[in-house]
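Here's a quick tour of a protein model, written for someone who likes to poke at coordinates. Have the viewer open as you read.

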Amino acid sequence: MIIDVHQHWEPEFMLKDFIPFICKFIQDMYISLKCPPVSLEEIEKEYSYLANDPYGERLVEHMEKSGVDKAVVFVWDRPAFTDETIMETNKRIGEMGRRFPEKLIPFASINPTREKAPEMLKKCIEDYGLKGMKWHPDVPPFNPSDKKNYPLLKVMDDYKLTLITHTGSLPIPSKVLYAHPLLLDEILVDFPNINIIAAHSGWRWWPELAGIMEWKPRIYGCLTEWQLLAVADYDKFCRTLRSMIDQMGIDRLMWGTDNPSFTALVPVKKWIEIIQGLPENAPEGIHFTREEVEAILGGNAQRLFNITA
């Protein structure tokens, strides 16, 4: 089973302003990481096609064509949303989850700076059927472990939710201090029922994430965004991934896409094939097993989310 733990969705009323911003942001990432060149027009064409999907049908069709069995889907709550529009968006994600229960795992997104964030999350869980929580602490910036966030974290803890939180550096306007994985440590200590997926595994800060994992069993990494390194410098990707597995443990690392962000450069099917091909294609002296590949692509997420085959 192949499970994508990081799938974005946007409501149609946000696309006009959001697509130009996010596509330029994606291109800046490609350039910074020295990826193969992709024009802004190509990025916008691919992103616009996949994002123009008010009911999730295009997402599920794309998953089936790419070979993805299940995906965790969410929106990114940010200041462009009002309390009303973010709740309407979360409600629609819940509806998508009910429409495609075999394919989608719907997560809420509520920025903790919202005054009524705890009550909003409760409604997402109880009324909309959402299964977990996603937040992005670098935009707008907040310290994940700030005591101001504890009422919202208490709701997550009470419902034994999984929290997906962005970690790692990004281009401007991201304020990356707040995306450092070390800021998650207090949450793990103070809220024993929350599991955390550190999106992108902290990127360049993955060793610090591995340090937390050494003593805290309820935090996981994921390879979302790492497809960029895989196509920019495959040997470096393999060396880094081998070190990540050795230090984090193979049962703590998951696979994701950040779809539709990077499909113009790395189609989802190709990203799957890169991971599947590791045992045969890794450079000399670096070895991966078939069991490791299966754990990353879905086995670990299957266990975390209690998914039966």
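What follows goes through the sheet, one histidine, a helix pair and the nonpolar cores.

## The sheet

First, a caveat: this is a predicted model. With that said, let's start with an open sheet of three strands, which runs in the order β1-β2-β3 with parallel pairing. The edges belong to β1 (3-8) and β3 (104-106), each of which pairs on one side only. On average, neighbouring strands here are turned by 25° against each other, ignoring direction.

Zoom in on β1 and you'll find four bridges linking it, in the parallel sense, to β2 (residues 70-74). One spot to look at is D4, which stands opposite A71 in β2. As general background, strands of a sheet pair through backbone hydrogen bonds, either parallel or antiparallel. There's also a helix to notice: α4 (residues 83-99) lies across β2 and β3, and runs at about 150° to β3.

## A histidine in β1

Staying with β1, H8 is found in this strand. Is H8 buried or exposed? Its relative accessibility is 15%, and the cut-off for buried is under 20%, so H8 counts as buried.

The side chain of H8 also has a polar partner: it makes a polar contact with the side chain of D258, at 3.0 Å. Setting aside neighbours within four places in sequence, H8 is in contact with F74, W76, K134, D258, N259 and P260.

## Two crossing helices

Next, a helix pair. The axes of α11 (residues 268-276) and α13 (residues 290-304) come within 9 Å and cross at roughly 145°. On the α11 side the contact is made by I272, I275 and Q276, while α13 brings R290, V293, I296 and L297. By type, the contact residues split into five nonpolar, one polar and one charged.

## The nonpolar cores

In soluble globular proteins, nonpolar side chains tend to be buried together. In this model, the largest nonpolar core has 97 residues, and those with the most contacts inside it are L121, M156, F237, W255, W271 and I275. You've met I275 already, in the contact of α11 with α13. Which helix gives the most to this core? That's α1 (residues 15-32), with nine residues.

For a closer look, pick L121: not counting residues up to four places away in sequence, L121 touches A108, I110, M133, L152, V155, M156 and L161. Apart from the largest core lies another one, of 16 residues, with F74, I164, F305 and I307 among them. F74 is also one of the residues in contact with H8.

Notes. Residues numbered from 1 in each chain as written. Predicted model: local features only at pLDDT ≥ 70, side-chain atom pairs only at ≥ 80, totals over all residues. Heavy atoms only, no water. Pairing = 2+ DSSP bridges. Axes fitted to C-alpha atoms, helices over the stretch in contact; angles between N-to-C directions. Contact = heavy atoms within 4.5 Å. Nonpolar A, V, L, I, M, F, W, Y, C, P; charged D, E, K, R; others polar. Buried < 20%, exposed > 50% of the residue type's maximum accessible area, 1.4 Å probe, protein only. Polar contact = N/O pair within 3.5 Å; in protein donor to acceptor, adjacent residues only side chain to side chain. Core = buried A, V, L, I, M, F, W, Y, C linked by side-chain atoms within 4.5 Å.
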